[in-house]
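Visitor: I would like a close look at one part of this chain, and then at what is built around it. Please keep it brisk.

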Amino acid sequence: MSTPDPTSFLTMLPTLTSSTPEVPAVEANATSCQQWEQVHHMLFHLGNLSLLLGLLIPTTLGLHMILLRLLLMTGCSLFIAWATLYRCNLDVMVWNVVFLVVNFMHLFFLLYKRRPIKIDRELRAVYKRMFEPLHVQEALFQRLTGQFCTIQTLKKGQAYAAEDKTSVDERLSILLKGKMKVSYRGHFLHNIYTNSFIDSPEFRSTEMHRGEKFQVTIVAEENCKFLCWSRERLTYFLESDTFLNEVFKYLIGKDITNKLYTLNDPTLSDKAVKKMDRQPSLCSQLSMMQMRNSMASTSDTDDVLNQILRGGSAGSSLPICTLSHAPTRCRTHHCLLWILPGSSPA
């Protein structure tokens, strides 16, 4: 038997050596932790603490978003200082600079939204008296009065509306200054004072019936100034804002109620009427839903009208809100104008 050649065995060694698998070297970015690093600098921990506090702020707090953004900006600033001074990590610094800028822009936007709204001096009394008690924010009131309404004036003796001539479809107005007189065929009905609607009954009664004319004459008894909305644009705006639409329904219903009170008792002095206007009316003591249901109901229309026509005392004892149940002829300032001497419900 032949013996193996030792030289051939030696020549095979490089082949065997090259075929054995090599252990891969550990890279610098490997995820395996061979040795934990030392604890980072205090700035790193303070930055994380700021982020934690920001996330723990309760959302019920009024300034929740502002405080959150401030703490996020504080945390990003601490991370930038830590990455720049102690770690010399460009990527960590750049990312935190981006986060800082984004949070600063959001904070600026939040502060801008909370800026004090400057309401025109002529409109501030209307806002305080009519809209602020119903929790209408100043920004919303500014939107309502800043886009599609104008402030107009009337000199003493000029007419805001003429009976059977002026269309009711054009506008809705609130008297800002002065006093107006409402009359029907020469008979005095009542006065209109500041911070009240001028043509709320017409606006309410003709929502479903367009093209009608004023059934009364409204004349300025003093130099007057009033806020005037375009009816078409106001209606479109209210349809897009449910809350403000409900507010207008309430205010108009209350205004009609106050006018009917003054019609029921024509002996009221100007001082008494103004005092009554400042107090909650009968309708204002009801919820909005109750008032709307009452104004929409028509079940007892005939009974109400019959009692009104029999006399002012009977009519004054009725729930005033139900007087708006009457037909179109009656649904203006003036359900009780039929009681006037010589007038009849034609």
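Visitor: Where does UniProt place the feature "transmembrane region"?

Guide: At residues 92-112, according to an unreviewed UniProt entry. The model you see is predicted. In it, the span 92-112 is 100% helix and 0% strand. The C-alpha atoms at its two ends lie 30 Å apart.

Now step back along the chain, to a helix pair. Helix α2 covers residues 42-56, and helix α3 covers residues 64-87. Their axes come within 8 Å and cross at roughly 165°. An angle over 145 degrees counts as roughly antiparallel, so α2 is roughly antiparallel to α3. The crossing is left-handed. On the α2 side, the contact includes L43, F44, L46, L51, L53 and L55, along with G47, N48, S50 and G54. On the α3 side, L68, L71, L72, L78, F79, A81, W82 and Y86 take part, together with T74 and G75. The tally for this contact is 14 nonpolar residues, six polar and no charged.

Next, go forward from the annotated span. Helix α6 runs from 138 to 146, and its axis comes within 12 Å of that of α5. The two cross at roughly 120°. That angle makes α5 oblique to α6. Here the crossing is right-handed. From α5, the contact uses L123, R124, Y127 and F131. From α6, it uses E138, F141, L144 and T145. Those residues divide into five nonpolar, one polar and two charged.

Helix α5 also leads to a sheet. This sheet is open, with four strands in the order β1-β8-β3-β6 and antiparallel pairing. Its edges are β1 (149-154) and β6 (196-197); each has a single partner strand, so one side of each lacks a neighbour in the sheet. Inside it, β3 (171-177) and β8 (224-230) pair in the antiparallel sense over six bridges. One point on that pairing is L175, whose bridge partner in β8 is F226. Helix α5 (121-131) packs on this sheet and touches β1, β3, β6 and β8. The direction of α5 makes about 105° with that of β3.

There is another sheet to trace. It is open too, with four strands in the order β2-β7-β4-β5 and antiparallel pairing. β2 and β5 (187-192) stand at its edges, each with a single partner strand, so one side of each is left without a neighbour in the sheet. From one strand to the next, the twist averages 30°.

Walk across it in order. Strand β2 (159-161) is joined to β7 (217-220) by two bridges, antiparallel. A161 stands opposite I218 of β7. Four bridges then join β7 to β4 (180-184), again antiparallel. The step from β4 to β5 is antiparallel over five bridges. K181 is a handy residue to follow here. Its bridge partner in β7 is V219, and K181 also stands opposite N191 in β5.

To return to your question: the annotated span is 92-112, and the model shows it as 100% helix.

Notes: Residues are numbered from 1 along each chain as its sequence is written. This is a predicted model: local features need pLDDT of at least 70, side-chain atom pairs count only at pLDDT 80 or more; totals for chains, interfaces and linings use all residues. Side-chain values use heavy atoms; hydrogens and water are left out. Two strands pair if DSSP finds at least two bridges between them. Contact means heavy atoms within 4.5 Å. Axes are lines fitted to C-alpha atoms, for helices over the stretch in contact, and angles run from 0 to 180 degrees between N-to-C directions. Angles under 35 degrees count as roughly parallel, over 145 as roughly antiparallel, 65 to 115 as roughly perpendicular and the rest as oblique. A crossing is left-handed if the near helix is turned anticlockwise from the far one by less than a right angle, and right-handed if clockwise. Ala, Val, Leu, Ile, Met, Phe, Trp, Tyr, Cys and Pro count as nonpolar, Asp, Glu, Lys and Arg as charged, and the others, Gly among them, as polar. UniProt positions are given in the numbering used here, feature names are shortened, and annotations may be inferred rather than shown by experiment.
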